[in-house]
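Hi,

Here is the structure I promised to pass on. Have a look at it first, and then read my notes underneath.

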Amino acid sequence: MVLRTRVRARTAVCRCGEGSARVHGRYVRHLRDVAAGGLGVVIELCIRRFRCENPACSAVTFAEQVAGLTAPHSRQTPLLRGLLTRIGLALAGRAGARLASAMGVRVGKDHLLRLVRALPDPEVGMSKCWASTTSPSAKAAITARC
């Protein structure tokens with residue numbers, strides 16, 4: 001299923017914070033989204049490039065971004081990326097790719113592994129985690145050191 005759309009706003013904001021209405025060019029961006037009714041969904045979004053009017057800005061041109069739908073250089077919507085990340089955490093590799101395919105989303109096993117590796121490390125103290133699973137004497141020794 002292909003959805004063709006465009007942004008209706010007349011201006012866009014550069015990363016420096018300056019707004020611009022000077023259109024430099026256009027291109028079509030293809031974003032994959034969560035499957036609907038077992039069919040893969042692709043959003044074809046007509047994106048405009050704008051000229052930044054701030055002379056101090058390092059970006060001469062910039063592409064408009066749609067809040068909640070696009071991110072710079074992303075080919076997936078945040079909803080699909082979150083779904084694939086959760087699938088990758090549960091079943092990374094081939095098993096996760098098969099599960100995603102059964103849900104109507106085609107993805108490679110390596111892509112799921114990359115999404116999991118990109119997650120930040122959990123904020124868990126290793127000694128405290130280890131102490132909760134060991135004997136009472138080991139817990140006392142670890143808490144005495146901390």
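**The loop before the helix**

Let's start with His73, which sits in the loop between E6 and helix H1 (78-90). Keep in mind throughout that this is a predicted model. His73 caught my eye for its backbone: phi is positive there, at about 65 degrees, although the residue is not a glycine. As a rule, most residues other than glycine have a negative phi. The side of the story that concerns solvent is simple: His73 has a relative accessible area of 79%, and because the cut-off for exposed is over 50%, His73 counts as exposed.

**Around strand E5**

Now for the strands. E5 covers residues 39-51 and pairs with E4, residues 23-36, in the antiparallel sense, with eleven bridges between them. If you want to check the register, Tyr27 is opposite Ile47 in E5, and Val23 has Phe50 in E5 as its bridge partner.

What links E4 and E5 along the chain? The two strands make a hairpin with two residues between them. Gly37 is in that turn and has a positive phi of about 65 degrees.

E5 also pairs with E1 (residues 2-6), and here the strands run parallel, joined by five bridges. For a landmark, take Val2, whose bridge partner in E5 is Val42.

Then there is E6, residues 61-63, which runs antiparallel to E5 and is joined to it by three bridges. Arg51 stands opposite Thr61 in E6, if you'd like a pair to click on.

**A nonpolar patch**

Which residues make the nonpolar surface patch? They are Met1, Leu3 and Leu39, and the patch comes to about 280 Å². Met1 belongs to the segment before E1. Is Met1 exposed, partly exposed or buried? Its relative accessible area is 46%; since partly exposed runs between under 20% for buried and over 50% for exposed, Met1 is partly exposed. That value also lets Met1 join a patch, because patch residues need over 30% relative accessible area.

That's what I have for now. Shout if anything is unclear.

Cheers

Definitions and conventions:
Residues numbered from 1 in each chain as written. Predicted model: local features only at pLDDT ≥ 70, side-chain atom pairs only at ≥ 80, totals over all residues. Heavy atoms only, no water. Pairing = 2+ DSSP bridges. Helix = DSSP H or I, 4+ residues; strand = E, 2+ residues; numbered from the N terminus. Patch = residues over 30% accessible without salt bridge, like charges linked within 9 Å, V, L, I, M, F, W, Y side chains within 5 Å. Areas by Shrake-Rupley, 256 points an atom, 1.4 Å probe, with all protein chains shown as cover. Salt bridge = Lys/Arg side-chain N within 4 Å of Asp/Glu carboxyl O. Buried < 20%, exposed > 50% of the residue type's maximum accessible area, 1.4 Å probe, protein only.
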